[in-house]
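Let's walk through this model together, moving from its strands and helices to single residues and charged pairs. Please keep the sequence and the 3D view at hand as you read.

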Amino acid sequence: MRELRRAGAEVRVAMTPAAQEFVTPLLMQGLSGHAVLTDYFDTAQEARFGHLDLSRWADAFVVAPATADLIARIRAGIANDAVTTSLLAFRGPVLLAPAMNTAMWDNARTQENVKALLSETRYRKVGPGSGLLADGDVGAGRLAELGELVDAVAGLGGLGPLVGKRVLITAGPTREALDPVRFLSNPSTGKMGLALAAEARARGAEVTVVLGPVAEAPKDAITVVGVTTAEEMANAVLARVGESDLFIAAAAVSDFRPAHVEPQKVKKEGASAELALVRTRDVLREASALVHAASRRPVLVGFAAETEKVLEHARAKLERKQLDFIVANDVSQPGAGFGTDTNAVTIVPAAGTPVEAHGTKRDVAARILDVVAVALGGR
Ligand code: CTP
């Protein structure tokens, strides 16, 4: 509930009698800011905002947790509580987030019911995950992780404040080969860029990530263009940036590459101890120059990873690369920069007051998008 609201969604709740054994309607009312539908025979509830109002109002229906019983009833078209009556009258996309004991999940009835529902394109499923379950069993049946759930809701399409916007992001390091087994690179893991991608997606944007070599696989519903070198990243970005509404360069691109790539593995005996380097292409600078020459251009956001005079260096980069915003990042601080799950940044606009943001990379991504979305509005 909280994560969906943070991503800009308005949320209303219907609860089954079973759900009310675990969580009170009052709590869900507090969190959603709206009265909760628990009983469609309650004339007061129906008069205020009944099950048919809910079905007409919603853009998407999320069933979380989707128990074995609830899935069976939905599949059969039964309408005997606030959730199933609302759902039976609903015409839009439905996301099921199954959660139950492993044996119940594995049961042929449940599998058949899920399969039947998913054969309709408007039904989607997220999870269940595997692991230790509430009842002590180990196996499939865990409710999907919070982030996965929110991303899956966004993946239903047509929802959120960035619907219709195309967002292009570079993320991760690049690798510049010396020979077939060695390369120059940096410790970037792509986490910040991928957090931005997931957050933009959660807000309804169409997202493409030009991604250097990283371990973490990006989420569904995000287009990934895998690249290795700065040259490949530049080509991938220049082919797409003109079509985008927002370009965020979060990649840690190698500034230099070896002048020569040896076709065979270099042997240490007789090898030179010196390495001749040449500059790589500056992806962001080239992209900025290209779109500044066009009639319509995306909002341009760069990152500046610095260890000293952070704001001063960042502002210089913003001007040199003609950006709308630069996200300045003091990578010498603990809990900020390469490989961490948290970050602390200052979002510097070309004109106006800088905004500070810190927290998980996803929190920081949300703040960055809040700030830059204002510039996006007028386009
Ligand atoms: N960048 C890029 N391509 C490069 C180098 C940088 O797209 N070859 C982008 C980064 O993704 C980041 C911004 O430019 O958004 C700043 O990168 P950085 O390397 O810190 O800045 P430079 O201008 O290269 O300056 P320096 O390395 O001297 O600090």
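The paragraphs below go through strands, a helix, some backbone details, a surface patch and salt bridges.

This is a predicted model, in which local features need pLDDT of at least 70 and side-chain atom pairs count only at pLDDT 80 or more, while totals for chains, interfaces and linings use all residues. Residues are numbered from 1 along each chain as its sequence is written, and side-chain values use heavy atoms, with hydrogens and water left out.

A good place to begin is strand β15, residues 325-330 (helices, H or I with at least four residues, and strands, E with at least two, are DSSP runs numbered from the N terminus). Six of its six residues are buried, so β15 is largely enclosed by the rest of the structure. Here buried means under 20% relative accessible area, exposed means over 50%, and partly exposed lies in between, with a 1.4 Å probe and protein chains only. In a regular strand the side chains alternate between the two faces of the sheet. In β15, Phe325, Val327 and Asn329 point one way, Ile326, Ala328 and Asp330 point the other way, and all are buried.

What lies alongside this strand? β15 pairs with strand β14 (residues 299-306) in the parallel sense over six bridges, and with strand β16 (residues 342-349) in the antiparallel sense over five bridges. Two strands count as paired if DSSP finds at least two bridges between them. To find the register, look for Ala305 opposite Asn329 of β15, and for Ile347 of β16 as the bridge partner of Val327. Together with helix α14 (residues 310-320), β14 and β15 form a right-handed β-α-β unit. Right-handed means that, with the strands pointing away from the viewer, the path from the first strand over the helix to the second runs clockwise.

The loops of this unit hold two backbone details. Most residues other than glycine have a negative phi, and most peptide bonds are trans. Lys309, in the loop between β14 and α14, has a positive phi of about 40 degrees although it is not a glycine, and it is exposed at a relative accessible area of 51%. Gln322, in the loop between α14 and β15, has a positive phi of about 50 degrees, again without being a glycine; Gln322 is partly exposed at 46%. Cis peptide bonds can be found elsewhere: one runs from Ala64 to Pro65, with omega near -5 degrees, and Pro65 sits in strand β1. Another joins Gly127 and Pro128, with omega about 0 degrees, and Pro128 belongs to the loop between β3 and β4.

Now turn to helix α10, residues 146-155, whose buried residues are Leu149, Val150, Asp151, Ala152, Val153 and Ala154. These buried residues pack against α1, β1, β2, α11 and α15. Helix α5 offers a single residue to follow, Leu54, which counts as buried at 9% relative accessibility. Beyond its neighbours within four places in sequence, Leu54 is in contact (heavy atoms within 4.5 Å) with Arg12, Ala14, Leu37, Phe49 and Ser86.

On the surface, Phe256, Leu275 and Leu277 make a nonpolar patch of about 270 Å². Phe256 is found in strand β12 and is partly exposed, with a relative accessible area of 41%. Patches are made of residues with over 30% relative accessible area and no salt bridge, with like charges joined within 9 Å and nonpolar side chains (Val, Leu, Ile, Met, Phe, Trp, Tyr) within 5 Å. The accessible areas come from the Shrake-Rupley method with a 1.4 Å probe, and for residues only the protein chains shown count as cover.

Finally, the charged pairs. A salt bridge is a side-chain nitrogen of Lys or Arg within 4 Å of a carboxyl oxygen of Asp or Glu, and the count comes to 22. Asp370 forms one with Arg203, the closest N and O atoms being 2.9 Å apart. Asp370 lies in helix α15 and Arg203 in the loop between α11 and β9, so the pair ties together parts that are 167 residues apart in sequence. Asp370 is partly exposed at 35%, whereas Arg203 is buried at 7%. Asp282 forms a salt bridge with Lys321, with the closest N and O atoms 2.8 Å apart. This pair links distant parts of the chain, with Asp282 in the loop between β13 and α13 and Lys321 in the loop between α14 and β15, 39 residues apart. Salt bridges that share partners also join Asp151, Glu199, Arg203, Arg362, Arg367 and Asp370 into one network.
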